[in-house]
Amino acid sequence: MLPILLIAALTQANVKLTAEQDHGRLLQELGITSLRSGVNGMNPKDPNFANIDEAKANPYTNIPDALIFNNGERVKSRRDWQRRRGEIIELLDREIYGRTPKKLPKVKWEVQSAEDGKVGEVAVVIKRLIGHVDDSGDPEIKVDIRATLTTPKDAKGKVPVMLEFGFPNFGGPPRPGGPPRPAGPTWQDLVIAKGWGCAIMDPNSVQADNGGELTQGIIGLVNKGQPRKPEDWGALKAWAWGAGRVLDYFETDPAVNAKQVGIEGISRYGKAAVVTMAYEPRFAIAFVGSSGQGGVKIWRRNSGEQVENVASSGEYHWMAGNYVKYAGPKTPGDMPVDANELVALCAPRPVFVGVGSPNVEGIWIDSRGTFMAASLASPVYRLLGAKGLNTTEMPPEGTPLINGDLAFSQHHGGHTNGPNWPTFLAFAGRYLGK
Ligand code: GCU
């Protein structure tokens, strides 16, 4: 039985539930009474600390092969791959990330301001962009996508752009608690010094990072303020949709070469970056940093963060409702799809997969599982005439593999893409700005 208060909340035009309430409602809809709890990825003293013994890390040996159809037949040609790709998308949509609605409201871009500025020694133009999402479906729900675009002022033509999921600066005082500016060049310094542009989109302006707001944002707008169905899209898909709309704007901006736009993010935004690359073929390159569980890391591994963590009320909103089934009674080994197949959807376009050092970043990312996901996606790159990692042996920390179209690089630092940027740009230079 649903508690009275919950029934009252659910009968409102625009439903307001906390993440816990919505998570509970979802379990009830799926007929699940309880979920297994996640592991602690941070504190080795916790009895529930994540497994770090590689001998116990692969309890499920059934990692799906991207090149085998659901019916067991082998993918032999590019043509076959197009069909197999459709199968993988269907599984990811239904079970993992949810279905992006077929009909979505239009977005009207406004250049709120365009100012001259400097990045390092380079003169730039900084645009603050607002994408007004048509709210006629539910005028009570406003969605304004916020992004910034910075391009070299004296560029000779359209420039490649790296788009980050992050925190665009819309002026005003620095974010309280925001990170201090690190020593040395920022990624923007490095990108602008190459003559390229950099952009940041605020995912929260598309969809809040919180299960308590799934009836708001673009997900809530499309659902007219009602809670999600188990196959509906989660925040990662919504953020990816937002990135696609920013790319629509870039196609109209004379400063940007929209055929050479890359997507980048770390952690939950690393997950969003790979989902974006997998689903939006117009992105030319991706930099996926420390994306962990639900991103580029074999999901069914017992190492670092677990499916059970992401299925909890603090994170389930990133995923489809159906995803939580794999935290009880089903297991991660029951998932019909895995991260290697997600990476394979990006092929043959270039993807750079990054992680930090387990000694600094912590073990919860599962750097080996991250490498495995990229390595196991490699045969699809090969089939399409591109070059994957072409090794199943994980290189030592600080030894990037960047000669193929799929790259892997484990830096010596912590939970940041910072130390990998120069390595990524060396890789990206083979594709962008040509
Ligand atoms: C949590 C979460 C991770 C995620 C990370 C982040 O730790 O469990 O899956 O990647 O937050 O985004 O910082």
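A polar contact is a pair of N or O atoms within 3.5 Å. I begin with that cut-off, as the ligand in this structure is the first topic of my talk. Please keep in mind throughout that the model is predicted.

Let us apply the cut-off to R268. An N or O atom in the side chain of R268 is 2.5 Å from an oxygen atom of the ligand, so this pair falls within the 3.5 Å limit and counts as a polar contact. Two other residues may be treated in the same manner. In K271, a polar side-chain atom lies 2.8 Å from a ligand oxygen. In E315, the corresponding distance from a polar side-chain atom to an oxygen atom of the ligand is 2.6 Å. How much of the ligand does the protein bury? Taken alone, the ligand exposes 320 Å², and the protein buries 80% of that.

Which residues are around the ligand? They are S267, R268, K271, E305, E315, W318, W364 and H415. By character, this shell divides into 4 charged, 2 polar and 2 nonpolar residues.

One member of the shell deserves a further remark, namely S267. It is not a glycine, yet S267 has a positive phi of about 65°. Its place is the loop between β6 (256–266) and α7 (268–279). Is S267 buried or exposed? Its relative accessible area is 18%, and because buried means under 20%, S267 counts as buried.

N390 offers a second case of a positive phi in a residue that is not a glycine, here about 55°. N390 lies in the loop between α11 (367–383) and β9 (406–410). With a relative accessible area of 42%, N390 is partly exposed, since that class lies between 20% and 50%.

I turn now to the aromatic rings. The count comes to 17 aromatic pairs. One of them joins F287 and W421, an edge-to-face pair with 5.0 Å centre to centre and 70° between the planes. The pair links distant parts of the chain: F287 belongs to strand β7 (residues 285–289) and W421 to helix α12 (residues 421–428), 134 residues apart. Both F287 and W421 are buried.

Another pair, F352 with F427, is tilted, at 5.9 Å centre to centre and 50° between the planes. Why does this pair tie together parts that are 75 residues apart in sequence? The reason is that F352 lies in strand β8 (residues 351–355), whereas F427 lies in helix α12. F352 and F427 are buried as well. These four residues belong to a cluster linked by ring pairs, made up of W187, F287, F352, W421, F424, F427 and Y431.

A ring may also have a charge over it. The charged end of K237 sits over the ring of Y279, 4.1 Å from the ring centre.

Next, the backbone. Where are cis peptide bonds found? One joins G328 and P329, with omega about -5°, and P329 lies in the loop between α8 (307–310) and α9 (339–344). The peptide bond from A347 to P348 is cis too, with omega near 0°, and P348 is found in the loop between α9 and β8.

Finally, consider Q12, in the loop between α1 (4–10) and α2 (19–30). Q12 counts as partly exposed, at 39% relative accessibility. From C-alpha to C-alpha, Q12 and T276 are 33 Å apart in space, and in sequence they are 264 residues apart.

How values were computed. Residues numbered from 1 in each chain as written. Heavy atoms only, no water. Near = heavy atom within 4 Å. Polar contact = N/O pair within 3.5 Å; in protein donor to acceptor, adjacent residues only side chain to side chain. Areas by Shrake-Rupley, 256 points an atom, 1.4 Å probe, with all protein chains shown as cover. Nonpolar A, V, L, I, M, F, W, Y, C, P; charged D, E, K, R; others polar. Phe/Tyr/Trp six-rings, centres within 6.5 Å; stacked < 30°, edge-to-face > 60°. Helix = DSSP H or I, 4+ residues; strand = E, 2+ residues; numbered from the N terminus. Buried < 20%, exposed > 50% of the residue type's maximum accessible area, 1.4 Å probe, protein only. Lys NZ or Arg CZ within 6 Å of the ring centre and 35° of its normal.
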